[in-house]
Amino acid sequence: MGVAAKPVSLISVVIPVKNGGERIRRCLEAIRAQVIADEVEIIAVDSGSTDGTQTLVRSFGGLVEEIEARDFNHGETRNLGARLAQGEIVVFTVDDALPVGTDWLEQLVAPLRKKGELAGTYARQVAYDDAPAHQHFYIDYRYGAEPRLQRASGPQDLTVSNVLFSNVSSAVKRSLLLEFPFASDIVIAEDLEWSARVLLAGHAIAYVPDSVVRHSHAYTLLDAVKRYFDQGAAAERSYMSGEASPGRVRREGLTLVRQELAWLWQNERSAIPYALAHEIARFVGFQLGVHHQHVPRALRPRLSRTPVYWR
């Protein structure tokens with residue numbers, strides 16, 4: 001760990017992981033390369049790795065808390081990590097995210113050191129070079145270069161962009177997280193649900209684009225259906241919690257698709273057919289998730305990327 005000055009506090013970095021392999025090695029190396037005045041502890045909550053991930057994390061000086069694979073839950077697993085944390089600020093990341101530069105951590109936590117209404121911060125994400133073209137556009141669309149402060153005066157302000165918050169790379173005041181833990185009764189998007197809840201409670205969230213991680217997925221069409229089935233099932237707890245939200249979400253989605261196609265037309269026209277197929281798969285999955293109560297129970301695990309939740 002690079003050291004800029006005498007340590008001023010402790011920061012806890014929590015990473016849920018299963019079979020992290022080379023991905024988590026790169027992530028841990030990048031964390032240890034950070035230049036920051038604070039001490040940093042690493043906590044991995046491992047849900048059944050069989051590839052030596054536990055030993056690897058310990059070799060970096062990290063604490064490993066092992067749970068059964070059937071007990072993994074996006075919200076509660078992170079709550080467990082936060083309860084184990086000793087730091088005043090808890091940073092969440094994932095094994096396939098790669099911090100960029102040596103100031104990722106300092107930039108991410110700096111706003112939380114100030115007194116005020118700020119509950120959490122989240123970093124900019126940039127796609128890996130080998131990500132599909134539509135992923136490059138989507139990630140840049142969601143996580144641009146401009147900082148922003150997110151607040152909500154009521155459910156009408158809970159738009160997709162305003163509740164955006166990502167545990168791919170985020171930082172939260174531990175005391176506030178213990179008061180407002182992540183939801184453990186939703187399949188995914190625990191970060192968006194938490195964001196909506198703390199915003200309505202009068203807190204603010206800051207997007208910090210100077211803190212950057214590389215992160216992206218090359219989803220197959222089936223993966224996209226499953227990912228957005230889960231997302232749709234959880235949406236009513238975040239950006240679809242207002243009365244007019246379903247129509248607003250559709251309008252925002254159409255705007256995204258139009259801008260994506262325009263960008264692809266200018267930059268990579270050959271990627272348009274697959275991008276369209278991906279958007280259709282995403283839409284189908286999302287709609288099935290929104291209406292999951294009408295999907296047969298036996299089918300729900302097969303439509304999900306987190307089947308243990310539905311079982």
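## A buried alanine with an unusual backbone

Let's start with Ala189: its relative accessibility is 7%, so this residue counts as buried. Keep in mind, as you look around, that the model is predicted. In the chain, Ala189 sits in the loop that runs between α6 (174–179) and α7 (190–200).

The backbone here is worth a look too. Ala189 has a phi near 65°, which is a positive value in a residue other than glycine. Most residues other than glycine have a negative phi.

## A second positive phi

Asn19 gives you another example: its phi is near 50°, again positive although the residue is not glycine. You will find Asn19 in the loop between β2 (10–17) and α1 (21–32).

What about its surroundings? Asn19 has 28% relative accessibility, so it counts as partly exposed; the range for that class lies between the buried limit of under 20% and the exposed limit of over 50%.

## Helix α3 and its cap

Now turn to α3, the helix spanning residues 74–84. This helix is mostly covered, with eight of its 11 residues buried. Those buried residues are His74, Gly75, Thr77, Arg78, Asn79, Leu80, Gly81 and Ala82. They pack against two helices you have met, α6 and α7, and also against the strands β2, β4 (39–46), β5 (63–66) and β6 (89–93).

At the N-terminal end of α3, Asn73 acts as a cap. One of the side-chain oxygens of Asn73 lies 2.9 Å from the backbone nitrogen of Gly75, and Gly75 is itself among the buried residues of the helix.

Conventions
Residues are numbered from 1 along each chain as its sequence is written. This is a predicted model: local features need pLDDT of at least 70, side-chain atom pairs count only at pLDDT 80 or more; totals for chains, interfaces and linings use all residues. Side-chain values use heavy atoms; hydrogens and water are left out. Helices (H or I, at least four residues) and strands (E, at least two) are DSSP runs, numbered from the N terminus. Buried means under 20% relative accessible area, exposed over 50%, partly exposed in between (1.4 Å probe, protein chains only). Contact means heavy atoms within 4.5 Å. A polar contact is a pair of N or O atoms within 3.5 Å; within protein, one must be able to donate a hydrogen and the other to accept it, and residues adjacent in sequence count only if both atoms are side-chain atoms.
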